[in-house]
Amino acid sequence: QLSSALLPFSLPKPKPKPKPKPNPDPNPALRHASDGEAAWGRERGPGVWRAGGVAMGAVLSTVVFQPPPPVYLSRHRIFWLSRHYHGGYDDIGYEIPAYFLDRGSNLTILFSHGNAEDIGYSFSWFSELSQALGVNFMAYEYTGYGMARGRFAMRRPDLPRLEPSEEAVYGDVEAAFRWLTEVKGIPSEQIILYGRSLGSGPSCYMAQKCAREGVKLAGLILQSPLLSIYRVTFDFRFTLPGDFFANIDRIGEVEAPVFIIHGVDDPIVPFWHGQALLRAVSEPYRVKPMWVRGAGHNNIEVLLSLDRRLMPALREFFAKIRGMTLAEWLEESRNYLGEFRTPVDSRTPADSPASPASPASPASPASPASPASPASPASPASPAS
């Protein structure tokens, strides 16, 4: 070392290297996952992630979930459910939209919609269906779908936008179920879970959760259900790590009547998925299914409306879970259908119960001038509205 006395100037001291800023996410791949998945991973630790890693699960989520352009419902028709993820930066709160159609009934359907749709797509159809059946109806939105997109980003612009995930969808259906039981005060034994296509996942999850916690349900309806996401493409005999919505592993624990509807010619979710799920249902809760010949994945409502089979099948299921005959159920439903009936009700007895004012009139429903009107839920155009 040179003595500082031999130098006409002092050497500058080296600047300390800046310390790297701590990364709030231990795995950068979390940035590509939904924030809901990230929060779950940070709270529960690395063991929560299934084999294949976070990145693979995030990529699969983007393939599985296909939110369409949102269909906006007017504000007076919807309300907002509070949702929370705990962990990570802090407690993260956001909201998802939902709507509730009160028909004054003692049965309530909690509907989980399919992929590539949101609650706005089918509002008109289910509004008329619930009116014709005489049951209350609730639908909720999935995190990252429809009107639920963007609200999280507005509240927390420093975090990535919340995207849909399997765990988030399970939290969504739990929030909707709690709202029915805690806010509306509807007994759980009066709630029917109804899942269509992808919505069979959260419906089976909620039905299994209720069975494990000793919470009684009225029933479970599955339309075009899937065994699991991987099995849509591959015929696996067991559930692989990383698979989504493994309904086949849940439905055997369900302790409520299960009614399955599936198109025989379904090109998206093969028909044998519905058959395998039916075989997995415990025998005391197995209800005669409806296999729709000539139906694919997205036209079941249209075909069943044309041949007038959907309404009688659903009414028969409702009567069964209430321990009634079909005639007793129709008689009871008349008591709360009157005030919600359309001014000119041209539905035939195959589609709706007779008016309370004319239960004994044989000529009125059989009139040749009373085919199903365009506004009727039996209209084939209704599901596409």
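Start by selecting helix 3 (residues 123–133) and helix 10 together: in this predicted model, the two helices pack at an angle of about 55°, with their axes 11 Å apart. Those two values are worth noting, because packed helices are described by the angle between their axes and the distance between the axes. With its angle of about 55°, helix 3 counts as oblique to helix 10, because that angle is neither under 35 degrees nor in the range of 65 to 115. The crossing of helix 3 and helix 10 is right-handed.

Which residues make the contact between helix 3 and helix 10? Show side chains for Trp-125, Leu-129, Ala-132 and Leu-133 on helix 3. Then add Leu-310, Met-311, Leu-314, Arg-315 and Phe-318 on helix 10, and you have both sides of the contact.

**Next stop: helix 10 by itself**

Keep helix 10 (residues 310–321) selected and try a distance between its end C-alpha atoms: they are 17 Å apart. At 1.5 Å a residue, the twelve residues of this helix should span 16 Å, so the two values agree.

Is helix 10 largely enclosed or open? Nine of its twelve residues are buried, so the rest of the structure largely encloses helix 10. To see them, colour Leu-310, Met-311, Ala-313, Leu-314, Arg-315, Phe-317, Phe-318, Ala-319 and Ile-321, which are buried. Now step just past the end of helix 10 to Gly-323, where the backbone takes a positive phi of about 70°.

**Last stop: the aromatic rings**

How many aromatic pairs does the structure hold? There are 19 of them. Select Tyr-99 and Phe-137 as your example: this pair is stacked, at 6.3 Å centre to centre with 25° between the planes. Tyr-99 sits in strand 2 (residues 92–101) and Phe-137 in strand 4 (residues 136–140), so their pairing ties together parts that lie 38 residues apart in sequence. Are these two residues buried or exposed? Tyr-99 has a relative accessible area of 0%, so this residue is buried. Phe-137 also counts as buried, because its relative accessibility is 1%.

For another arrangement, move to Phe-244 and Phe-245. Their ring centres are 6.5 Å apart and their planes stand at 85°, so this pair is edge-to-face. Both of these phenylalanines are buried.

Finish by selecting Tyr-99, Phe-111, Phe-123, Phe-126, Phe-137 and Tyr-194 together: ring pairs link these residues into a cluster. You will recognise Tyr-99 and Phe-137 there as the stacked pair.

How values were computed
Residues numbered from 1 in each chain as written. Predicted model: local features only at pLDDT ≥ 70, side-chain atom pairs only at ≥ 80, totals over all residues. Heavy atoms only, no water. Helix = DSSP H or I, 4+ residues; strand = E, 2+ residues; numbered from the N terminus. Expected span 1.5 Å × (residues − 1). Buried < 20%, exposed > 50% of the residue type's maximum accessible area, 1.4 Å probe, protein only. Phe/Tyr/Trp six-rings, centres within 6.5 Å; stacked < 30°, edge-to-face > 60°. Axes fitted to C-alpha atoms, helices over the stretch in contact; angles between N-to-C directions. Parallel < 35°, antiparallel > 145°, perpendicular 65-115°, else oblique. Left-handed = near helix turned anticlockwise from the far one by under 90°. Contact = heavy atoms within 4.5 Å.
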